[in-house]
Every structure is written in structure tokens, then in C-alpha cells.
Amino acid sequence: MKEFLAWLTGTLTVKITGAEPEKFLNICARTGFRLDRMVWVDPFTLEVRVPARRRKELHALASRAQCRVEGEVFRGLPCFLLRFRRRYALLAGLVLTLIF
């Protein structure tokens, strides 16, 4: 269920790179910023998944920890629907298919 809700609201997978990614984790813990799916890539890189709507806050916390945010990958329903921005006929077809 948690995975479905994450897909529905959209997620952002990023790599946090810096000399001390632990400092970034400590700042996130102090501010209550929740990180999902943490994976250590190497001693200087941490890969995390966060809700897409918290992108700006993530960048601010990373800059406070003197880290860089790299490799942003958006996933989920909002990202999928953005593909249909200017294709109104395809979007209408998708909506009608879901209704029927």
C-alpha cells in the first residue's frame, strides 16, 4: 500500500554527494525530514528517495550539509501525466479509457 501511495503522489530519487554525507543525515534527523530507501553507493555518496513535492527542501538541507544533489529521477503518476501536457487528445483518451 505504501508503494502505491508513493507512486500516486510522485517520488524523487537522488544521490547526495559530499565529503560527509553523515552530516546531511544528521541535519535531516534534527529537522524531521523523512528519507526513504537509503542506500550507500560509496563512502561519499548516498542514494535516497523522497516525495517529489519536497524537492526544494531537500536541496536546502543538502546545501546546509555542504553536499550536492545529483541524478534526480522523478517517478510516479505526476511524472507520467506531465508527458501528456500538450497532447490533449491522448490525455482525453486515457481518461475515457479509465472511466470505461
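Leaving out anything within four places in sequence, Gly10 makes contact with Pro51, Ala52, Arg75, Gly76 and Pro78. One thing to keep in mind from here on: this is a predicted model. Gly10 sits in the loop that links α1 (2–9) to β1. With a relative accessible area of 3%, Gly10 is buried. Go eleven residues along the sequence from Gly10 and you arrive at Pro21, with 24 Å between the two C-alpha atoms.

Next comes strand β1, which covers residues 11–17 and includes Thr13. Thr13 has a relative accessibility of 15%, so it counts as buried. Setting aside residues up to four places away in sequence, Thr13 touches Glu47, Val48 and Arg49, and also Gly71, Glu72, Val73 and Arg75. Val14, with that same kind of neighbour left out, touches Leu46, Glu47, Val48, Leu58, Val69, Glu70, Gly71 and Glu72.

Val14 also turns up in the largest nonpolar core, a set of 17 residues. Which residues have the most contacts inside that core? They are Val14, Ile16, Phe24, Phe33, Leu35 and Leu58. As for elements, β1, α2, β3 (45–51) and α3 each give two or more residues to this core.

Two of those elements, α2 and α3, are worth a closer look as a pair. Helix α2 runs over residues 21–31 and helix α3 over residues 55–64; they pack at an angle of about 125°, and their axes are 9 Å apart. That angle is why α2 counts as oblique to α3. The crossing of α2 past α3 is right-handed. On the α2 side, the residues that meet α3 are Phe24, Ile27, Cys28 and Thr31, and their partners in α3 are Leu58, Leu61, Ala62 and Arg64. Sorted by type, the residues of this contact come out as six nonpolar, one polar and one charged. Phe24 and Leu58, both in this helix contact, are also among the residues with the most contacts inside the largest nonpolar core.

Helix α2 holds Lys23 as well. Lys23 counts as partly exposed, because its relative accessibility is 34%. Apart from residues up to four places away in sequence, Lys23 touches Ala65 and Gln66. For a sense of distance, Lys23 and Leu82 are 59 residues apart in sequence, with their C-alpha atoms 34 Å apart in space.

Gln66 brings us to backbone torsions. Most residues other than glycine have a negative phi. Gln66 has a positive phi of about 60°, although it is not a glycine. It is placed in the loop between α3 and β4 (68–75). Arg37 is another non-glycine residue with a positive phi, near 50° in this case. Unlike a loop residue, Arg37 is found in a strand, namely β2 (residues 36–42).

Is Arg37 buried or exposed? At 53% relative accessibility, Arg37 counts as exposed. Gln66 gets the label exposed too, because its relative accessibility is 66%.

Then there is Arg49, a charged residue in strand β3. Arg49 has a relative accessibility of 13%, so it counts as buried. Leaving aside neighbours within four places in sequence, Arg49 is in contact with Glu3, Ala6, Thr11, Leu12, Thr13, Leu35, Asp36 and Arg37. So the buried Arg49 touches the exposed Arg37, and Thr13 is on its contact list as well.

Here are the accessibility values side by side:

| Residue | Relative accessibility | Class |
|---|---|---|
| Gly10 | 3% | buried |
| Thr13 | 15% | buried |
| Lys23 | 34% | partly exposed |
| Arg37 | 53% | exposed |
| Arg49 | 13% | buried |
| Gln66 | 66% | exposed |

Note on methods:
Residues numbered from 1 in each chain as written. Predicted model: local features only at pLDDT ≥ 70, side-chain atom pairs only at ≥ 80, totals over all residues. Heavy atoms only, no water. Axes fitted to C-alpha atoms, helices over the stretch in contact; angles between N-to-C directions. Helix = DSSP H or I, 4+ residues; strand = E, 2+ residues; numbered from the N terminus. Parallel < 35°, antiparallel > 145°, perpendicular 65-115°, else oblique. Left-handed = near helix turned anticlockwise from the far one by under 90°. Contact = heavy atoms within 4.5 Å. Buried < 20%, exposed > 50% of the residue type's maximum accessible area, 1.4 Å probe, protein only. Core = buried A, V, L, I, M, F, W, Y, C linked by side-chain atoms within 4.5 Å.
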